[in-house]
Amino acid sequence: TWKTVPLLLFTEYFIDLIVCCGFLLNQHYNPAFVSLQMMKHAWDNYKRYAWGLNELKPISKQGHSSNLFGNIQGATIVDALDTLYIMEMKEEFKEAKEWVEKNLDFNVNAEISVFEVNIRFVGGLLSAYYLSGEEVFRKKAVELGEKLLPAFNTPTGIPWALLNIKSGIGRNWPWASGGSSILAEFGTLHLEFVHLSHLSGNPVFAEKVMNIRKVLSRLDKPEGLYPNYLNPSSGQWGQHHVSIGGLGDSFYEYLLKAWLMSDKTDEDGKKMYYDAVQAIETHLIRKSSGGLTYIAEWKGGLLEHKMGHLTCFAGGMFALGADGAPSDKTGHHIELGAEIAKTCHESYDRTRMKLGPEAFRFDGGVEAIATRQNEKYYILRPEVIETYMYMWRLTHDPKYREWGWEAVEALEKHCRVDGGYSGIRDVYNNHESHDDVQQSFFLSETLKYLYLLFSEDDLLPFEHWVFNTEAHPLPVLHKDDGNKEENQK
């Protein structure tokens, strides 16, 4: 009967079979190929059940919408463009490009998250343009960037979190400290907006984000730290809460990457980054009694000994920044990255499913374990794998690939379903309870970082590319580039 099965279907069936059965531990098998097949499974099911919608519900086998994008559609398509290109999934990239040409529409009466639309849509379009040279991506990126500009119409120029892209009316999240803007949101526009100015010839984009720098430089920082909340009207800090995880995380990442992306000419970004790291080391980084290094959260001078999955990106950040640290600190920054990577690996290893919880604690006799039910979920997040990728590239210690492979096995065993990949509600449970969402960042970040972890270092080398916080690669802008647009393809 096998003769009646088309060869392609048989090949796909066999790949699924060996992945699920764990036969890929064979040392001769290429793990990068496995991550490509994971991407194919995620993409094919999105295409089959949710094409043109923002995300996929892989259990229900239908589309999933998030209010983060308002009425803008196609988040998974735009987020996945560069992953498809990098993995040489040429037919899939072609159909994604055609969808963008014909269907990606920003003329909608909808309130969107400026931060999320910037990192996923603007970042995804910029990256797709720089990789492929296809003009449609540049034009769409600049068009969307222009629609985001009214968000900066505040007394200080610190942008609103939410913007109606038709009316230009903005506001902040109602829960955010007295109408404040959020550090990780207004601080995570810099890379994309500098590139929008580079590609459009319009300096306004870069001017908007450089003004954010000026506002921050004038403010006193408590203990050298940046609180998570800043009022866009008064220009004053809100609550003195500091986090390197949610609400703060990518602000610090973008200080370092702005310097790297400028071909190391952005001295203000460099100084702000290394000064911030020094304050973080002094006030937030602690070591547990069991010897695990973690980054606590700071609330008005008191530490909460909790670390979020989002915070795990910092291992890779510290290592990436090691080369630019004072010469006597280079090894220390690499070691700090390694210690954070180890802690985050422990947060995975101490669960039943070998996937990390949303947050884990270091108090009450527990270490690197979630103690609250609302912190035990895993939504296909990339930050731990991201740090493994950076640590592998910068040290070539084989344990980072081994840990990445552990994550592949856990994702295949617990998150892969017939209709794609789903998050898990409790990683400490014996049985999966799926959340029925295949996040767009799973295709943009998690699978891309896995693929890069298992690929050669000359695929998107760090000296030529920086990754935005959604893992979209953007080229370093060399001093002699002028208006050259197709830099470092």
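**Notebook: pockets, disulfide and aromatic rings**

Entry 1. I sorted the residues that line the largest pocket by class and recorded 18 nonpolar, 12 polar and 15 charged. The model I am reading is predicted. I then looked up the volume, and the largest pocket holds about 1100 Å³ of space. Its lining comprises 45 residues, and those closest to the centre are Gly246, Leu247, Asp249, Leu310 and Arg381.

I next asked which elements give two or more residues to this lining. The helices I listed are α5 (114-132), α7 (183-186), α10 (249-261), α14 (383-395) and α16 (440-453). The strands I listed are β8 (241-242), β11 (297-299) and β13 (306-308). I noted that α5 gives the most, with four residues.

Entry 2. I turned to the second largest pocket, where I found about 440 Å³ of space. I recorded 22 lining residues, of which Leu260, Lys264, Leu320, Phe462 and Glu463 are the closest to the centre of this pocket. How does this lining divide by class? I wrote down 14 nonpolar residues, one polar and seven charged. At least two lining residues come from each of α10, α12 (314-320), α14 and β17 (465-467). I marked α10 and α14 in my list, since both also appear among the elements of the largest pocket.

Entry 3. I searched for disulfides and found one in the structure. For my own reference, a disulfide is a covalent bond between the sulfur atoms of two cysteines. Which cysteines form the disulfide here? They are cysteine 312 and cysteine 344, with their sulfur atoms 2.1 Å apart. I located cysteine 312 in the loop between β13 and α12, and cysteine 344 in helix α13 (residues 330-349). The two are 32 residues apart, and the pair links distant parts of the chain.

I also looked up the handedness of this bond. The torsion about the S-S bond of cysteine 312 and cysteine 344 is about -95°, so the disulfide is left-handed. Are these two cysteines buried or exposed? I found both cysteine 312 and cysteine 344 to be buried.

I then checked a further cysteine, at position 415. Cysteine 415 counts as buried because its relative accessibility is 0%, and the cut-off for buried is under 20%.

Entry 4. I looked for aromatic pairs and obtained 25 across the whole structure. I examined the pair of tyrosine 226 and tryptophan 237, which is edge-to-face, with 6.4 Å from centre to centre and 85° between the planes. Tyrosine 226 lies in the loop between α9 (204-218) and β7 (229-230), and tryptophan 237 lies in the loop between β7 and β8. These residues are 11 apart, and their pair links distant parts of the chain. I recorded tyrosine 226 and tryptophan 237 as buried.

I examined phenylalanine 251 and tyrosine 252 as well. This pair is also edge-to-face, at 5.1 Å centre to centre and 75° between the planes. Both phenylalanine 251 and tyrosine 252 are buried. I noted finally that Tyr226, Trp237, Phe251 and Tyr252 form one aromatic cluster.

Entry 5. I looked for charged ends placed over rings. Over the ring of phenylalanine 106 I found the charged end of lysine 140, 5.9 Å from the ring centre. Over the ring of phenylalanine 462 I found the charged end of arginine 393, 5.0 Å from the ring centre. I had already met Phe462 among the residues closest to the centre of the second largest pocket.

Technical notes: Residues numbered from 1 in each chain as written. Predicted model: local features only at pLDDT ≥ 70, side-chain atom pairs only at ≥ 80, totals over all residues. Heavy atoms only, no water. 1 Å grid on protein atoms, 1.4 Å probe; cavity = no way out; pocket = protein on both sides within 12 Å on 5 of 7 lines; lining within 4 Å. Points joined across faces, edges and corners; volume = space filled by probe spheres on them. Nonpolar A, V, L, I, M, F, W, Y, C, P; charged D, E, K, R; others polar. Disulfide = S-S within 2.5 Å. Buried < 20%, exposed > 50% of the residue type's maximum accessible area, 1.4 Å probe, protein only. Phe/Tyr/Trp six-rings, centres within 6.5 Å; stacked < 30°, edge-to-face > 60°. Lys NZ or Arg CZ within 6 Å of the ring centre and 35° of its normal.
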